[in-house]
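Please open the model in your viewer and keep the sequence panel beside it, since each stop on this tour begins with a selection to make.

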Amino acid sequence: MSLIEQLEAVLAEALATIPGAADAATVEALKVKYVGRRGAVSELMRGLGGLSAEERPVVGQTANRVKAEIDTALAAAADRLAASQAAALPPLDVTLPGRRRRLGHKHPISLVMDDAVAVLRRMGFIVAEGPEIETIWHNFDALNTPPDHPSREPKDTFYFPDGRILRTQTSPVQIRVMEKQQPPVRIVCPGRVYRRDTPDATHGMNFHQIEGLYVDRNVSLADLKGTLAAFAAEMLGPGTKIRFRPHFFPFTEPSVECDFSCIMCGGKGCRVCKHSGWLEIAGAGMVNPKVFKAVNYDPEIWTGYAFGMGIERIAMIRYAIPDIRFLYENDLRFLQQF
Ligand code: PHE
């Protein structure tokens, strides 16, 4: 048999075999057998050298055509197998109801924080933020906290080797803003704070506060009271009343503690308010002139009020959560209720 006849014989055999391939592996094996690097066509081409110069191109062309036809047959077989595989899948039922995607939702701390920020922003406060790793100057000194104040002790405050601390309150943000900006200032600072407390039902080692600061000419305690009264009504409901009790903070003078009337009993007295009718919510007061001096504001010109409160505490009251630790355990049975 001439080389051309042999090539045609290979082609005939390949075209007779390939369409019958039952799976992709067989198609692959046939490819190797006929057109692979050591397949039938390649083997025959080795004889090309022994041909005359006239015969060589004719045989070469035949070889290329044979190879192309086998390739086409292989591709067709592969396509046919892929199509039948797709047909074997169950048909798509377009009438099936869609699969509901379970959306995540906000954590109760975020719910309360976002509400509190929104309420104060509507009153004209602008959000300000500061670092959680804070200097002693911003967290204590500039806030008129004496060097021997117990809250500075390593027993209560987390210290870094470089002398910085984890902020114990959001009040240092007041200092950072006033250092950068001239009055009037009206800011709200939401954020995480850290204290070395032993965790129990009402204490964690870190929690969240929201802080307000208003500095302008002729700001009075009445302005503070009006702001907190409006805030209380927005946060816990229209009937919520507030009261001030005298207190002490180094950075405000006078200082007050602000109670909100108990939302559980409406002020009649219950377990949540320990039968007093009132809930301790915020610390507040008029900005101490010494704080103004620390940030180079003239206390003869500027007056201001500041307040700060714990977000967890408000969340616990609002949603009747009996233990602060529920807020951090991330138990879905708890979280899915919000
Ligand atoms: N920083 C105080 C605290 O953490 C709260 C406070 C803020 C009091 C602003 C007065 C003014 O207890």
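The stops below go from the domains to the ligand, then to a pocket, and end at some backbone details.

Before selecting anything, bear in mind that this is a predicted model. Begin by colouring the protein chain by its domain assignment, which gives domain 1 as residues 3-88 and domain 2 as residues 108-335. If you place a marker at the C-alpha centre of each, the distance between the markers for domain 1 and domain 2 is 82 Å.

Next, select the ligand together with the residues around it, of which there are 14, with Gln-169, Ser-171, Arg-195, Gln-209 and Gly-308 coming nearest. Sorted by class, this shell consists of seven polar, five nonpolar and two charged residues.

Now show the side chains and look at the polar atoms that face one another. In the side chain of Gln-169, an N or O atom lies 2.8 Å from a nitrogen atom of the ligand, and a polar side-chain atom of Ser-171 is found 3.0 Å from a ligand nitrogen atom. Turning to Gln-209, you will find an N or O atom of its side chain 2.9 Å from an oxygen atom of the ligand. How much of the ligand's 330 Å² does the protein bury? Of the 330 Å² that the ligand exposes when taken alone, 90% is buried by the protein.

Switch to a cartoon view to see which elements supply this shell: strand 5 (206-216), strand 8 (278-287) and strand 9 (303-310) each give two or more residues to it. Strand 9 is the one to highlight, as it gives the most, with three residues.

Leave the ligand and select Arg-102, Leu-103, Gly-104, His-105, Lys-106, His-107, Pro-108, Leu-332, Leu-335 and Gln-336, which line the second largest pocket. The space in this second largest pocket comes to about 170 Å³, and its lining divides into four nonpolar, four polar and two charged residues.

The last stops concern the backbone, so it helps to recall that most peptide bonds are trans and that most residues other than glycine have a negative phi. Select Pro-183 and Pro-184, which are joined by a cis peptide bond with omega at about 0°; Pro-184 sits in the loop between helix 7 (172-180) and strand 4 (185-194). Then move to Glu-253 and Pro-254, where the peptide bond is again cis, with omega near -5°, although Pro-254 is placed in strand 7 (residues 252-261). Finish at Asn-144, which is not a glycine and yet has a positive phi of about 60°; Asn-144 is found in the loop between helix 6 (136-139) and strand 3 (165-166).

Technical notes. Residues numbered from 1 in each chain as written. Predicted model: local features only at pLDDT ≥ 70, side-chain atom pairs only at ≥ 80, totals over all residues. Heavy atoms only, no water. Near = heavy atom within 4 Å. Polar contact = N/O pair within 3.5 Å; in protein donor to acceptor, adjacent residues only side chain to side chain. Areas by Shrake-Rupley, 256 points an atom, 1.4 Å probe, with all protein chains shown as cover. Helix = DSSP H or I, 4+ residues; strand = E, 2+ residues; numbered from the N terminus. Nonpolar A, V, L, I, M, F, W, Y, C, P; charged D, E, K, R; others polar. 1 Å grid on protein atoms, 1.4 Å probe; cavity = no way out; pocket = protein on both sides within 12 Å on 5 of 7 lines; lining within 4 Å. Points joined across faces, edges and corners; volume = space filled by probe spheres on them. Domains from an automatic or database assignment.
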